[in-house]
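Student: Could we go through this model together, with the reasons behind each label?
Tutor: Happily; let us look at it first.

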Amino acid sequence: MKNKVKEYRTEQDMTQQELADAIGVSRQTIFAMETSRYVPSTILALKLALIFRKKVEDLFELEKKD
C-alpha cells in the first residue's frame, strides 16, 4: 500500500515525533508507515486524515499486489 504520510507531514512542518504524539503512537510507527513497512489500522488512518485535513483515500492507495 502506497501512502503520502511523509509528504503531508513535511508540508505541515511536523516531525515524526510530533505526528506520533498527535495520534498516540511511537515515532517508530510513523517511520514504519512512511517506509511502507506498516499498514495502519482504520482508526489510525482516520486520525491521520483528520490531522492532515484529507480523505483517507488521499493518504493511502492500494497497489495491485495488495
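**Reasons behind the labels**

Tutor: In this predicted model, confidence in the protein chain is lowest in strand β2 (residues 60–61), with a mean of 92, and highest in α2, at 98. Helices (H or I, at least four residues) and strands (E, at least two) are DSSP runs numbered from the N terminus.

Student: What is the average pLDDT of the protein chain?
Tutor: The chain averages 95, and 100% of the residues score at least 70. pLDDT is the predictor's confidence in each residue, from 0 to 100. Because the model is predicted, local features need pLDDT of at least 70 and side-chain atom pairs 80 or more, while totals for chains, interfaces and linings use all residues. Residues are numbered from 1 along each chain as its sequence is written, and side-chain values use heavy atoms, leaving out hydrogens and water.

Student: Why is Arg9 called buried?
Tutor: Buried means under 20% relative accessible area, exposed over 50% and partly exposed in between (1.4 Å probe, protein chains only). Arg9 has 9%, so Arg9 is buried. Glu34, at 15%, is therefore buried too.

Student: What makes Arg9 and Glu34 a salt bridge?
Tutor: The rule asks for a side-chain nitrogen of Lys or Arg within 4 Å of a carboxyl oxygen of Asp or Glu. For Arg9 and Glu34 the N to O distance is 2.5 Å, so the pair qualifies. This pair links distant parts of the chain, with Arg9 in helix α1 and Glu34 in helix α3, 25 residues apart. The structure holds 1 salt bridge.

Student: Why is the aromatic pair of Tyr8 and Phe52 called tilted?
Tutor: Rings of Phe, Tyr and Trp (its six-membered ring) pair if their centres lie within 6.5 Å; planes under 30 degrees apart count as stacked, over 60 as edge-to-face and the rest as tilted. Here the centres are 5.9 Å apart and the planes meet at 45 degrees, so the pair is tilted. Tyr8 lies in helix α1 and Phe52 in helix α4, so the pair ties together parts 44 residues apart in sequence. Tyr8 is buried at 10% relative accessibility, and Phe52 is buried at 3%.

Student: Which residues touch the most other members of the largest nonpolar core?
Tutor: A nonpolar core is a set of buried Ala, Val, Leu, Ile, Met, Phe, Trp, Tyr and Cys residues joined through side-chain atoms within 4.5 Å. Of the 16 residues in the largest one, those are Leu19, Ile23, Ile30, Leu48, Phe52 and Leu59. Helix α4 gives the most to this core, with 5 residues.
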